[in-house]
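Thanks for coming, everyone. I would like to spend a few minutes on one structure, going through a pocket and then a metal site, so please have a look at it with me.

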Amino acid sequence: MTATALSTPAGLEITPRDRKFGRNERLTRLWHGGRVEATAIYNALSTTFPLGEAFFVESVRAFREGTPPSLAEEIRAFTTQEAIHSREHDAFNKRAIEAGYDLTRLEAQIERRLAVTRSRGPFVNLAATMALEHFTAILAHQLLANARHLEGADRETAGLWRWHAVEEIEHKGVAYDTWLWATRDWPRFKRWKVKARIMMYVTRNFVVDRTAGSLELMRQDGVTGLKAWSLLMTYLWVRPGVFRKIAGAWFKFFLPGFHPWNEDDRHLLAGYASIASGTEAKRKVRRAA
Ligand SMILES: [Fe+2]
Ligand SMILES: [Fe+2]
């Protein structure tokens, strides 16, 4: 693509859906099929969203000024979707706390990471957002493409994850297009070098922190040591093996000519028509931007 063209497929509207999940229901502690490790990894991921997605919003917004109108409009829809995701994951996290989990150590680690990234300036913030948005897009693809990931999960909570996944796929090109716009005057190699370096940094932190966070939550369920490790590693890397299954898509980020929409997975959205084109899609949503 050129530096100014949008790559979100024509006809795909980024649609914020103002949904609420499980607000009046008490969360079963082991909501993911009674499995300690499955519940732990999804809870650890959910803990990242309120702070993490607020960071994405501020990082992309910092470059909105002066972007072409079509990209500015996509940024507005992106920031609205992310603001609603933050709200719903915050509500979910409160329910997880009510169910007995202590998330303070996980949150403190996220705050530490974000403080380091923020101190490195707007281009690093945008690159980190672009890299993490690639993560969320390929995780979202997996969740929607393979029903096994949410098999046995509490219905409302599975709905929260599928709704989030649909919107992550819809807006997966926005941070990337903002990056292409913001760095349009950079030499090609510099662009690649910064993006690759930040992706390596973000990946290391993502894998280390989510693993540590999951183990901490498993500890709170009384599962520790080798047993905790083997349950978690098997779940993440073997069966259903979400990390293993996203490895190929993760690697494509480094290839020349990469763009999130090179993988056209709109068919997955069609598979979740009740989310993607239900009445909630028509609701007026107050724009966060
Ligand atoms: Fe999101
Ligand atoms: Fe996102």
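In this predicted model, the lining of the second largest pocket draws at least two residues each from α4 and from α9, which spans 242-252; helices here are DSSP runs of H or I with at least four residues, numbered from the N terminus. The most comes from α4, which gives five residues to that lining. The pocket holds about 270 Å³ of space, and of its 17 lining residues, H134, I138, A249, K252 and E263 are the closest to its centre. Lining residues have an atom within 4 Å of a point of the pocket, on a 1 Å grid over the protein atoms alone.

Now to the metal. Which residues coordinate the iron ion (ligand 2)? They are E82, E133, E168 and H171, at 2.0 to 2.7 Å, with E133 and E168 each listed twice through OE; donors are N, O and S atoms within 2.8 Å of the metal (3.2 Å for Na, K and Ca), and water is not among the atoms, so the site may look incomplete. E82 also bridges to the iron ion (ligand 1), 3.7 Å from the iron ion (ligand 2). Because E133 lies in helix α4 (residues 122-145) and E168 in helix α5 (residues 155-170), this pair ties together parts that are 35 residues apart in sequence. Both E133 and E168 are buried, meaning under 20% relative accessible area with a 1.4 Å probe, protein chains only.

A word on conventions: residues are numbered from 1 along each chain as its sequence is written, with chains lettered from A and ligands numbered from 1 in the order in which they are written. Local features need pLDDT of at least 70, side-chain atom pairs count only at pLDDT 80 or more, and totals for chains, interfaces and linings use all residues, while side-chain values use heavy atoms, with hydrogens and water left out.

Methods: Buried < 20%, exposed > 50% of the residue type's maximum accessible area, 1.4 Å probe, protein only. 1 Å grid on protein atoms, 1.4 Å probe; cavity = no way out; pocket = protein on both sides within 12 Å on 5 of 7 lines; lining within 4 Å. Points joined across faces, edges and corners; volume = space filled by probe spheres on them.
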